[in-house]
Amino acid sequence: MALSSVGPAANYPPGIVGVHALPADHHEGPWESILTPPGLKERLLGTSLLILRHGRALGQLNGAPHGLVLLSGPPGTGKTTLCQGLAQKVALALAPRGATTFVEIDPHAFPSDMLGEGPRAVLRLFSDTLPELAARRPHTIVLVDEIEALAVRRSTASFETNPVDVHRATDALLSGLDLLRRTCPQVLVLGTTNFAAAVDEAFLDRADLVLRLGLPDRDTIAEILRQTLAESAAVFPGLAGLADDGDLVADLAERLDGLDGRRVRKLVLSAMGSRPELALDPGRVGADDLRAAADAERASA
Ligand SMILES: Nc1ncnc2c1ncn2[C@@H]1O[C@H](COP(=O)(O)OP(=O)(O)O)[C@@H](O)[C@H]1O
Ligand SMILES: [Mg+2]
């Protein structure tokens, strides 16, 4: 497909679900919104900047980087959001040297027929589309979300349940990555996976950095709740005060212990939707509604 058609409202080649020019004001927010253990963001930002800024020079060294960074962890732990935030953060840091293209790839958006069209599309993406996109701006970041769908571990994929196509897709991704690294050593590929055990070993080996995001601990849950309650109170002033009620927040955090960040983030929304009266007037949500919503979340987990 001709890349001249890749623009804001264009039909992207298969697999690509978004192409953004960064930095852009409306991409502010995600990086700060995800709470991570100390040092994790610094490491992530450091490795990314190193590849984007010095990938070409480092390519001449033994043990040159592959330009691949992986985030792994259970669903709802902020992996996708953090990658989106990282793209903007990196773009801001590199802005004096020019803009950054952020390409989002969804493995589920590739053709999945049995005739080899999927693997062909994967290879074409890495051999043609991404190099063409990378030639447009000085910096390029490619996010391959839920990469386990493409890089299925070949050693455990059964030929009965997984057609040969699965193996071909993994081979195509690996060949594609190697090709991209040779032609564009300064491109950063970010991958997320909900299930690192299902990702092909050869792919994990290529990662320059693998970071694990876990379920939030109690303190993190409490902080997410405080943030969400404060944001909600800015929209519905009746909720003012809830975020500052330390006992309530601690009690809710205890009830939500073990749930992922996405479900914690949704608690207030879930309380607002728990009864028609609250839905019509969300400012009336009180401590008991939040406790009941937390118990309901728990019960359905
Ligand atoms: N550690 C966290 N800190 C703050 N919010 C979080 C955290 N983990 C998840 N969330 C919330 O859950 C939402 C969904 O996360 P997402 O990036 O889609 O997770 P994943 O890609 O790991 O499934 C985020 O936008 C955020 O609101
Ligand atoms: Mg995700």
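Visitor: How many bridges join strand β1 to β3, and do the two run parallel or antiparallel?

Guide: As a general idea, strands of a sheet pair through backbone hydrogen bonds, either parallel or antiparallel. In this predicted model, strand β1 (residues 16–22) and β3 run antiparallel and are joined by 6 bridges. To locate the pairing, begin at Leu22, whose bridge partner in β3 is Thr100.

Visitor: Which strand is joined to β3 in the parallel sense?

Guide: That strand is β4 (residues 139–144), which runs parallel to β3 and is joined to it by 6 bridges. One pair to inspect is Val103 with its bridge partner in β4, Val142.

Visitor: What is the order of the strands in the sheet?

Guide: The sheet is open, has 6 strands and follows the order β1-β3-β4-β5-β2-β6, with mixed pairing. Because β1 and β6 stand at the edges with a single partner strand each, one side of each has no neighbour in the sheet. From one strand to the next, the twist averages 15°.

Visitor: How should the side chains of a strand be read, and which residues of β3 point each way?

Guide: In a regular strand the side chains alternate between the two faces of the sheet. In β3, Thr100, Phe102 and Glu104 point one way, while Thr101, Val103 and Ile105 point the other way. Both groups are buried, and the count for strand β3 (residues 100–105) is accordingly 6 of its 6 residues.

Visitor: Which residues form the covered face of β6, and which the uncovered one?

Guide: Strand β6 (residues 209–212) has Leu209 and Leu211 on its covered face, and Val210 and Arg212 on its uncovered face. Its pairing with strand β2 (residues 68–72) is parallel and extends over 4 bridges. Within that pairing, Arg212 of β6 is the bridge partner of Ser72.

Visitor: Which strands does helix α2 lie across?

Guide: Helix α2 (residues 40–58) lies across β2, β4, β5 (188–193) and β6, and runs at about 155° to β6.

Visitor: Turning to helix packing, at what angle do the axes of α8 and α12 cross?

Guide: The axes of helix α8 (residues 246–256) and helix α12 (residues 287–300) cross at roughly 15° and come within 9 Å. The two helices are therefore roughly parallel to each other, and α8 passes α12 in a right-handed crossing. On the α8 side, the contact is made by Leu248, Asp251, Leu252, Arg255 and Leu256. On the α12 side, Ala287, Leu290, Arg291, Ala294, Asp295, Glu297 and Arg298 take part. By class, this contact has 6 nonpolar and 6 charged residues, and no polar ones.

Visitor: Is Ala294 buried or exposed, and what is its relative accessible area?

Guide: Ala294, a residue of helix α12, has a relative accessible area of 0% and is therefore buried. Apart from its neighbours within four places in sequence, Ala294 is in contact with Leu252, Arg255, Leu256 and Leu267. The C-alpha atoms of Ala294 and Arg255 are separated by 6.2 Å, although the two residues are 39 residues apart along the chain.

Definitions and conventions: Residues numbered from 1 in each chain as written. Chains lettered and ligands numbered in written order. Predicted model: local features only at pLDDT ≥ 70, side-chain atom pairs only at ≥ 80, totals over all residues. Heavy atoms only, no water. Axes fitted to C-alpha atoms, helices over the stretch in contact; angles between N-to-C directions. Parallel < 35°, antiparallel > 145°, perpendicular 65-115°, else oblique. Left-handed = near helix turned anticlockwise from the far one by under 90°. Contact = heavy atoms within 4.5 Å. Nonpolar A, V, L, I, M, F, W, Y, C, P; charged D, E, K, R; others polar. Buried < 20%, exposed > 50% of the residue type's maximum accessible area, 1.4 Å probe, protein only. Pairing = 2+ DSSP bridges.
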